[in-house]
Amino acid sequence: MAHRSGYGDIGTSPLYALKESFVGPHPLAVDRLHVFGVLSLIFWSLMLIVTVKYVAVAMRADNRGEGGSFALLALISRHVEGARVSAVLVVLGVLAASLFYGDAMLTPAISVLSAVEGLTIVNPALEALVLPIAVVILIGLFLIQSRGTAKVGALFGPVVLVYFAVLAVLGIVNIAANPAILGILNPWHAAAFFAHDPHTAFLAMGSVFLAVTGAETLYADMGHFGRRAVAFSWLGLAYPCLMLNYMGQGALLLSHPEAAENPFYLMAPEWARLPLVLIATAATVIASQAVISGAFSVTHQAVQLGFLPRLRTLQTSARAAGQIYIPAINWGLLVMVLLLVLGFGESTRLASAYGISVIGTMLITTMMLAFLVFRVWRWNRLLAGATIGLFAIVDVIYFASNIAKIPDGGWFPLAVAGVLFTLLTTWSKGRRIMRERMGEGDLALGDFIASVGTSVHRVRNTAVYLSAAEHGVPSALLHNLKHNQVLHARVLIVTVKVEEVPQIEPATRTAVHDEGNGFWRVIIRYGFMEEIDIPRDLALLETACGPFDPMATSYFLGRQKLIPSADHPGMARWREGLFAWMSKASESAMESFKLPTNRVVELGSQLQI
């Protein structure tokens, strides 16, 4: 579902991509050379970046159906040996995810604003209403997220089909008036544009790139639809309709250069412009929905893979496991989107901020694909080199032209990515240091069982102790014994492991080891797209370690209060403080693991990091 909209993101670019090339920060003359040159660049960029790179190559790289940078990272990590290579890959994956959040803030802002700006073409007097209407639509979009998108999703398919049909019809009508525009399919026009004025053409690439934004969302959303459905709908529906519309805009500009102020809306006859604003606005809302769903999905993967603390996550659909809602991300995105809309004020100024985060993510995807084709798929070296070389050249040219946008607003997504990269890496490193500190005085479980022997009083029922490590004795067990001086008749030491695959086969989910004297070690494995539910999975273990009665089971959790300390050199003091704050803000294990609140005992301790 989220991806029926996945084309929304790339499908709404006709609203602003061509306009920005001619009236943006580096305006071009509206003449035959420039119109043909820009459209030829758009056609071949969509062909190389979306059709070849994403649909033909990247979408083969699915991690059991899931796409996106974390799924690609997990897929390669399973096959590539060597700590240094793994570290480089992890940094690339985290950087791509950090850049994605900048994109998730900009897409709703620029697409909804550019659609509503069509009102000024209908009637210039309506200009004062553009910002208030855009703000109301965006607030409404974020407010409905908690209800789940499945309910609204039924409308998405028909709206997107109507929108693409309108794009195609508008394009065909305008092409009929000036059929010479079909010549843009010849790449010679792009070359002639560069030969005529290389500097201007290079800067124009920053605006041309707006036509390609959305390809990365398409890949991240692949899990909802499957590769074949995405490929079929791109080649059979989205690509032809988009190109017909771009060529129609070009045909209009050749005969009416003054239409460059907003060629998308001026293609339509006057009576059709208000309905067009409504259809385009609906399409941009769906495009924004795709990116918001993508942000929830990326956040969920980051939490499961250990890059973010546990966040409150709600399932919004009983049928589709991928449909989740994360309140913290929803409200954070809404605040940032509103700040962008009110701060930049118009889509032309937002277009300067847009693009750099997308091309950054695309460049990283190319680097990760290089690892994949050379080290995992082991393609013929000549073919692999030519493929990756072509992708890299296109990406680097676009990246360089987008750098020119940094002073005009490109700094914003880079600043967002910098903050998120710091948070993700601090949490990941802090957790590693914390595990090392907790493991320093580790007592082997066998020694512990032998030492307690029969000397400790045993009480009825079952105790479950959660342990991050697969060895040693959990601190909560030691604290409980020290203070209460009793043990339960049956003690389960449970470790939750999240694997680098989206789902785990139910038959291989749990492993149980009888450690003797009533002690059992249980390891429960989950995929990074799955919900963790410990009571449900323990109830399935009856055969392995006796009957399981939920009302006769107590769960013991260790809760560490982290104290930043100069004595243990691990991270900079400010990062230790940040990690301690993130730890405090994280959702408790009780809520994350679906433990019954009236059966949980928390035992606190202090830990210096």
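**Exercise 1. Identify which residues are linked in a network of salt bridges, and place two of the pairs in the chain.**

Solution. The network of salt bridges links R509, E530, R536 and D537, where a salt bridge is a side-chain nitrogen of Lys or Arg within 4 Å of a carboxyl oxygen of Asp or Glu. Before going further, note that this is a predicted model, in which local features need pLDDT of at least 70 and side-chain atom pairs count only at pLDDT 80 or more, while totals for chains, interfaces and linings use all residues. Residues are numbered from 1 along each chain as its sequence is written, and side-chain values use heavy atoms, with hydrogens and water left out.

Step 1: take the general idea. Side chains of opposite charge can pair when their charged atoms come close.

Step 2: take the pair D537 and R509, whose side chains meet in a salt bridge at 4.0 Å, N to O. This pair links distant parts of the chain, since D537 is in helix α23 (residues 534-539) and R509 in the loop between β4 and β5 (510-516), 28 residues apart. Helices (H or I, at least four residues) and strands (E, at least two) are DSSP runs, numbered from the N terminus.

Step 3: take the pair D537 and R536, whose side chains meet in a salt bridge at 3.3 Å, N to O.

Step 4: compare the surroundings with the accessibility classes, in which buried means under 20% relative accessible area, exposed over 50%, and partly exposed in between (1.4 Å probe, protein chains only). D537 counts as buried because its relative accessibility is 3%, and R509 is buried as well, whereas R536, with a relative accessible area of 40%, is partly exposed.

**Exercise 2. Describe the salt bridge between E531 and K594: where does each residue lie, and is each one buried, partly exposed or exposed?**

Solution. Step 1: the side chains of E531 and K594 meet at 2.9 Å, N to O. Step 2: E531 is in the loop between β6 (519-527) and α23, and K594 is in the loop between α26 and β8 (600-608), so that the pair links parts of the chain 63 residues apart. Step 3: E531 has a relative accessible area of 31% and is therefore partly exposed, and K594, at 36%, also counts as partly exposed. Step 4: by the salt-bridge rule, the count comes to nine salt bridges.

**Exercise 3. Work out which strands pair with β3, and which residues stand opposite T462.**

Solution. Step 1: recall that two strands pair if DSSP finds at least two bridges between them. Step 2: strand β3 (residues 457-466) is joined to strand β4 (residues 486-499) by eight bridges, and these two strands run parallel. Step 3: β3 also pairs with strand β7 (residues 553-563) in the parallel sense, over four bridges. Step 4: T462 stands opposite R490 in β4, and T462 also stands opposite T553 in β7.

**Exercise 4. Explain what is notable about phi in N461 and Q485, and state where each residue lies.**

Solution. Step 1: N461 has a positive phi of about 80 degrees although it is not a glycine, and the residue lies in strand β3. Step 2: Q485, likewise a residue other than glycine, has a positive phi near 55 degrees, and Q485 lies in the loop between α22 (475-484) and β4. Step 3: N461 is partly exposed because its relative accessible area is 36%, while Q485, at 57%, counts as exposed.

**Exercise 5. Characterise the protein chain as a whole, using its secondary structure, its radius of gyration and its contacts.**

Solution. Step 1: the secondary structure comes to 26 helices and eight strands. Step 2: the radius of gyration is taken over C-alpha atoms, and the globule rule is 2.2 Å times the number of residues to the power 0.38. With 609 residues, a compact globule would have a value near 25 Å, and the 27 Å of the protein chain agrees with this. Step 3: the C-alpha trace spans about 95 × 50 × 45 Å along its principal axes. Step 4: of the 609 residues, 56% count as buried. Step 5: a contact means heavy atoms within 4.5 Å, and among contacts with a separation of 6 or more, 82% come from residues 24 or more positions apart.
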